[in-house]
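Biologist: I am new to this one, so please show it to me and explain, term by term, how each label is earned.

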Amino acid sequence: MTDNGTILTVNDLRTYFRTEDGVVKAVDGISFELKKGETLGIVGESGSGKSVTNLSVMRLIPEPPGEIVSGEIIFDGTDVRALSIDEVRKIRGRRIAMIFQDPMTSLNPFLKISTQLMEVTQLHLGHTKEQAYEHGVKMLEMVGIPDPRARMDGYPHELSGGMRQRVMIAMALSCDPELLIADEPTTALDVTIQAQILELIKDLKARLGTSVILITHDLGVVAGMTDKIIVMYAGKVFEQAPTRELFSRPANPYTKGLLRSVPDPAYEQGEPLYQIPGLPPDVAHLPPGCPFAERCDRAEDICRREFPPFVEINAQHHSLCHFAKEVYGQG
Amino acid sequence: MLGFILKRLLLIIPMALIAVSVTWALIRVAPGTFYSSEKKIPAAVEAKLREKYGLDDPWYKQYGIMLSNIARGDFGISLKYEGQPVNEIIARHLPYSAVIGLLAYLLALAIGLVAGTIAALRQNSAFDYASMAAAMLGLSVPNFVLGPLLVLVFSFWLYLLPPARWGGFTSLILPVVTLAAIYAAYIARLTRAGLLEVMRSDYIRTARAKGLSERSVILRHALRGGLLPVVSFTGPALAALLAGTVVVEKVFAIPGLGNIFIQSVLNRDEPLVLGIVAFISVLVMIFNLIVDIAYGFIDPRIRYE
């Protein structure tokens, strides 16, 4: 047990996939720390490794082709990598729970909602059928599903996307986990529903004291939700900072690019929205220098030649860039 | 649901009549008649025969009589096996085909499901490669090759099993195995592909993220969806197996429906041909209906209108 209130420490995590195209370094040296009750945002484009990081924490990487090559994952004082798969299963769903991106496909279409809810508490909390059923009803009520008792015997396809995501959240929280990992929980939903779901997560987190990792490609989503943010790119942490500071004084050109790409209806009316040029690199064949150099408007020769250092701006703020301090200085 | 079943059952009648009509037309188009043989029959006899069976009537009249008889369930008397009603002939020969077909079906299901499931769960293992190679072989070797081959090995070399004819359980083994091979192979491949597809789906990841054991993940979450393609294949397959399989019955000299069917075609025994066609088409449609109903029980998203 760690007593400094840290729930999860990830240290130099590397998860690689062996493909016909070579070794894809999906996650390549990620480190972060999450304190109890804290919310961490992980932001990045598709393929930046944010989902793989969290699937690694749950040991849900399909092996083969994937493999956690090195690094430490310390959950509440226990090294998850050292556990047997049976011991990991006791953590999954019980102490660390996950919500996935697409509630349409993440719930089993063939099984009743009650079955899918009940199996978690029957497994982890030793509930009898009756207890599990009543607990399920209670959970559905908690996540704001109207007429939960009637919904229990329904199937996922009878619910709307937002309702399904609520069911996912009810399922994830039914064993009162210490850590909730939400992987793009609102990406597949309408904007109005997005706000409701985020509000729900925020509210439940406040009530239950759960630590949360919120994965998203949308900086707008993490802005009001998180204590600190990690920006990932090409399997690496590009910037790590408290939320407020990251938004006000980013120290990485990539973060700046992302911030500029968030639409702001108050200004720039009629102007085209900024877009970072180019595409994310192929992580199977990375150049020797900075993986972002080709798309960066700040790049110089050194960026293409040498891999950038992880510069400490202050104790909580780090940035992977040759010019981190200068970018930070610009405010 | 009940309305759906009723509608589908009623549809069987016109569909079967269409199958019968097409067959009738084909028999008429094909050269030769039921009374033709190598030896020419006297003209007077031929004229008598044609008159007796109304063969000189206009085609639409003959067609109308045939159709109205069959629509009433009366398939008439065989032309070759004189005095024997078609219904009786079918009833006499069906059991042979049905016993062999049902056994082959069960064998194919057992082998196919088990092999396919293990292959999917141990993807790229030695078992996977071996069983899929065997399945490929099962699909590629036609049963008129496999049958004689099995007879050669198990009857003529090893003296273990009777080579042909109907008589006791041991005589069933070779035909059943020959018949089951291709279906087992097909079911194994369908099972493997279906399961692999499902095992990659998001809801399986969810099930694993809940901490369920691999056993529960597969049995509770994966099998239903993974076996849907198998279900849709095995319905019509069972119909085809029950109704007799020409080649295997020929190879093993089994007096089943398939054998009699071929004979009836060669004999231009019109009533018998039409009777068997009607029987088989009804059987296939009933099994398709059963599959569709089963689908509704397996997949709650399917609604009957």
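Modeller: On a 1 Å grid over the protein atoms alone, a pocket is an open set of points where a 1.4 Å probe fits, with protein on both sides within 12 Å along at least five of seven lines, and its lining residues have an atom within 4 Å of a point. Its volume is the space filled by probe spheres set on the points, which are joined across faces, edges and corners. The second largest pocket comes to about 730 Å³. This is a predicted model, in which local features need pLDDT of at least 70 and side-chain atom pairs count only at pLDDT 80 or more, while totals for chains, interfaces and linings use all residues. Residues are numbered from 1 along each chain as its sequence is written, chains are lettered from A in the order in which they are written, and side-chain values use heavy atoms, without hydrogens and water.

Biologist: Which residues are closest to the centre of the second largest pocket, and what gives the most to its lining?

Modeller: Of its 27 lining residues, B:Arg28, B:Tyr53, B:Leu55, B:Glu270 and B:Pro271 are the closest to the centre. Helix 3 of chain B gives the most, with five residues, a helix being a DSSP run (H or I, at least four residues) numbered from the N terminus.

Biologist: Helix 2 of chain B also gives two or more residues to that lining; why is this helix said to lie largely in the open?

Modeller: Buried means under 20% relative accessible area, with a 1.4 Å probe and protein chains only, exposed means over 50%, and partly exposed is in between. Of the 10 residues of helix 2 of chain B, the number buried is zero, so this helix lies largely in the open.

Biologist: What makes A:Cys290 buried, and why is there no bond from its sulfur to A:Cys303?

Modeller: The relative accessible area of A:Cys290 is 12%, and therefore this residue counts as buried. A disulfide is a pair of cysteine sulfur atoms within 2.5 Å, whereas the sulfur of A:Cys290 is 6.1 Å from the closest one, in A:Cys303, which is too far for a bond.

Biologist: How do you know that A:Cys321 is buried, and how many disulfides are there over all chains?

Modeller: A:Cys321 has 9% relative accessibility and so counts as buried. Its sulfur is 6.2 Å from the closest cysteine sulfur, again in A:Cys303, and this is too far for a bond; over all chains, the count of disulfides is zero.
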